[in-house]
Amino acid sequence: MLLRTRIIIALTAALLVIAGIMLVQNFVSREQIQKAIVSEVSLGQDVIWRKILDSSHKQMEFYAYDSRPGMPSIWALRGKRSAIAAIEKKNPRLIERSIKKFFTGLYDKQIIDHIFIFEQNGEFVHNMSNDNVNAFDLPDISEETFKGKTFKNTIKGLGIINNELNSIVIFKIFSNGRPIGSILYGKKITPLIDSFVEGAQADFIALLKSNPLFTEKYISFEDFESNFKGNEGFIETNNRAFSLNENKLSLLNGEAIPIFFIRDITSAISEYNRIFLIAGFLILSALLLIGIIIVFILRAGFKPLYGAIDALKSLSNGNTNVDVTVSRNDEVGQIATAVKSFKEALINYGNIRSSTFKNRQEQEEKIINETLKLASLLPVEQRKELRQDVKAMKKLNKESISDDKNLFNTEENQTINFLTIAFSRISKEIKSLFRKQVQLTEAYQRFVPEQLLNSLEKKSILDVHLGDQVQKEMSVLFSDIRAFTNISEKLEPAENFKFVNDYLAGVVPSIRNHNGYVDKYIGDAIMALFTEKGSDAVKSAIDMLKKLEKLNKIRIKEKSPTISIGIGINTGSVMLGTLGVEDRLEGSVISDTVNVAARLEELTKFYKVPLLIGGETEKNLDDKSIARREIDYIEVKGKQNKISIFEVYEWESEEIIFKKNNLKILFAESLMLYREKNYKKCLNNLMRYKKELPGDKIADIYIERCHLEIN
């Protein structure tokens with residue numbers, strides 16, 4: 001098929017595709033426009049509805065606290081004939097007499113329809129209404145007011161009175177500053193709905209349990225029920241389109257009532273469809289006109305291409321005796337220029353081809369010689385096979401040389417095949433040696449951690465020498481199994497090793513996962529180093545304790561003794577280096593930081609908590625989510641200056657963490673009182689603390705200390 005025909009077919013296909021895209025776009029855009037219209041209408045409806053409700057509440061709230069500008073509310077008046085006095089006496093006749101005129105005035109102004117009066121405990125006292133309304137309990141409207149759990153003076157919302165939806169305002173009344181009850185203003189919502197329908201030009205539907213509340217100005221309730229299909233935001237019925245704005249109407253008693261605002265948007269959708277059809281027709285007409293113009297241009301421009309095509313055919317056969325004429329400056333002329341340049345390139349190619357062949361032969365000889373030198377890595381039998389391959393390759397290369405002088409003649413060369421075979425033999429031997437080296441390195445890393453080499457700035461274990469050292473800031477972690485001697489006495493030697501290794505297998509990955517490494521195992525104890533962030537050591541310890549809990553659950557099922565550990569962490573400057581003699585080296589750290597970490601681990605036995613950290617480590621904890629608290633300021637054995645020690649309890653259950661966090665301020669205050677030697681007040685605080693968290697061992701220690709100091 002000719003290119004010209006293909007282009008015409010492509011243009012036709014493009015027009016069809018564009019038409020299809022427009023149909024799809026119409027469908028998608030119609031949905032999007034429909035959603036946009038529904039969203040915009042719904043937003044306006046929500047605003048109007050909120051304004052109407054707010055206006056109703058503000059009117060009622062005004063007459064809860066003010067009668068008219070500058071005058072006090074009827075509920076603020078005092079005296080024997082006041083409404084407050086009548087309510088205190090619970091006399092319906094006095095109440096009617098004191099508030100009848102007030103209620104009638106508000107009813108005539110269409111501000112309220114009901115007044116209900118309740119005692120402070122929520123019991124009904126009296127009501128005023130032009131309807132026959134049954135008495136009810138205040139909790140039916142607002143449980144919040146009945147229980148007295150709110151500090152708000154006014155509660156506003158909606159509720160059901162006499163099976164009718166009402167806008168409600170509830171406020172407390174006082175006598176001599178003492179609350180004596182609550183007043184409920186109720187306004188029937190039907191007039192508010194009529195205002196909404198008029199302002200929003202939309203129907204209102206509320207699906208009450210007793211009977212639905214609805215208007216039918218734009219759509220009948222029957223059409224709504226038969227066409228409602230869930231919260232799709234849209235209804236179509238009788239060739240008309242309606243937006244559907246669904247909300248939840250929350251009553252003061254916690255009940256939620258579905259409500260719907262429905263508006264006719266048929267004209268907006270129809271207008272969009274008309275505009276789209278006009279735009280689509282104009283675009284398709286423009287595309288058709290462009291296609292006709294392109295076809296005429298192609299017909300006029302393709303003739304000169306045929307000469308260039310014939311010239312390329314001759315050049316592709318190696319014939320350079322072709323005349324190429326350039327007579328135009330357009331794209332066709334550029335093609336002719338390119339063909340002419342191609343002809344000149346072919347002539348130059350023929351001139352350098354012979355010299356290239358000679359250079360290639362010289363390079364092949366060099367490659368073969370160097371390959372034979374590399375073959376010395378191979379075993380004897382493989383070296384013999386490789387030399388035989390070289391002889392066979394040279395023989396094949398001589399046979400492939402031809403006397404054909406064709407410009408595009410190719411001569412098959414066997415050098416690459418030979419190199420593939422040679423390097424395949426050599427690479428097998430190199431891979432074998434490399435695997436052995438990797439295995440040896442991995443074996444070394446079991447005894448010499450890679451992190452130690454990195455800290456000493458050594459690339460390989462071969463670079464490590466006795467006395468190598470470096471000063472670094474790092475965190476040191478000590479952990480030890482509690483009562484290990486008692487456990488090990490009950491086990492055989494092999495069981496002892498299995499017990500310790502099972503424990504280490506459970507907790508050591510926590511160290512590696514948080515950028516640390518084990519410096520040494522001391523029986524059942526672990527000494528680990530963390531060279532990056534101080535928080536890494538703390539997070540590792542938290543993970544160790546959580547994994548130990550899981551391990552203990554398994555051991556309980558196996559009826560094996562559970563494991564408890566103590567962990568101490570300290571941060572500071574250490575000297576990291578190699579100790580020992582030339583034929584037996586060990587990497588280790590030396591500093592006061594290490595000693596303090598070991599002492600902190602021992603102190604976990606005294607304070608009866610599994611994880612203690614020093615003050616320097618706590619300063620490095622950027623993560624505020626790690627739950628911890630200061631528990632003492634002591635002089636550690638072997639260290640002159642006192643240090644702050646902190647308990648980390650992030651590993652504990654959520655309930656314990658929550659309680660300790662809530663009691664953290666009380667505990668800190670108790671600690672400060674103890675240090676100020678105010679032991680009695682400290683003891684009182686701690687007894688309050690123990691009521692909330694009776695199992696806290698550290699609180700027990702300070703209670704005992706306070707008793708000793710007081711006595």
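The following exercises, each with a worked solution, concern a predicted model.

**Exercise 1. The open sheet**

Determine the order of the strands in the open sheet of 5 strands, and state which strands stand at its edges.

Solution. Step 1: The strands follow one another as β7-β6-β10-β9-β8, and their pairing is antiparallel. Step 2: The edge positions belong to β7 (213–214) and β8 (234–237), each of which has a single partner strand, so one side of each lacks a neighbour in the sheet. Step 3: A helix also packs on this sheet, namely α5 (residues 190–200), which touches β6 (203–206), β7 and β10 (256–264). The direction of helix α5 makes about 140 degrees with that of β6.

**Exercise 2. Pairing of β8, β9 and β10**

Describe how β9 pairs with β8 and with β10, and name residues that stand opposite each other.

Solution. Step 1: Strand β9 (residues 240–250) pairs with β8 in the antiparallel sense over 4 bridges. Step 2: Across this pairing, Ile-235 faces Phe-242 in β9, while Glu-236 stands opposite Ala-241 in β9. Step 3: The pairing of β9 with β10 is likewise antiparallel and extends over 9 bridges. Here Glu-246 has Phe-260 in β10 as its bridge partner.

**Exercise 3. Residues with positive phi**

Identify the residues that take a positive phi in the hairpins of β8 and β9 and of β9 and β10; then locate Gln-110 and Asn-163 and decide whether each is buried or exposed.

Solution. Step 1: The hairpin of β8 and β9 has 2 residues between the strands, and Asn-238 has a positive phi near 55 degrees there. Step 2: In the hairpin of β9 and β10, with 5 residues between the strands, Gly-254 has a positive phi near 95 degrees. Step 3: Gln-110, which is not a glycine, has a positive phi near 60 degrees. Gln-110 belongs to the loop between α3 (92–108) and β1 (114–119). Its relative accessible area is 57%, and the limit for an exposed residue is over 50%, so Gln-110 is exposed. Step 4: Asn-163, also not a glycine, has a positive phi of about 65 degrees and lies in the loop between β3 (154–161) and β4 (164–175). With a relative accessible area of 57%, Asn-163 is exposed.

**Exercise 4. A surface patch**

Name the residues of the nonpolar patch on the surface, and classify Ile-278 by its accessibility.

Solution. Step 1: The patch consists of Ile-278, Phe-281 and Leu-282, which together have about 330 Å² of accessible area. Step 2: Ile-278 is part of helix α7 (residues 266–301). Step 3: Its relative accessible area is 43%, so Ile-278 is partly exposed.

Notes. Residues are numbered from 1 along each chain as its sequence is written. This is a predicted model: local features need pLDDT of at least 70, side-chain atom pairs count only at pLDDT 80 or more; totals for chains, interfaces and linings use all residues. Side-chain values use heavy atoms; hydrogens and water are left out. Patches are made of residues with over 30% relative accessible area and no salt bridge: like charges are joined within 9 Å, nonpolar side chains (Val, Leu, Ile, Met, Phe, Trp, Tyr) within 5 Å. Accessible areas come from the Shrake-Rupley method with a 1.4 Å probe; for residues, only the protein chains shown count as cover. A salt bridge is a side-chain nitrogen of Lys or Arg within 4 Å of a carboxyl oxygen of Asp or Glu. Buried means under 20% relative accessible area, exposed over 50%, partly exposed in between (1.4 Å probe, protein chains only). Two strands pair if DSSP finds at least two bridges between them. Contact means heavy atoms within 4.5 Å. Axes are lines fitted to C-alpha atoms, for helices over the stretch in contact, and angles run from 0 to 180 degrees between N-to-C directions.
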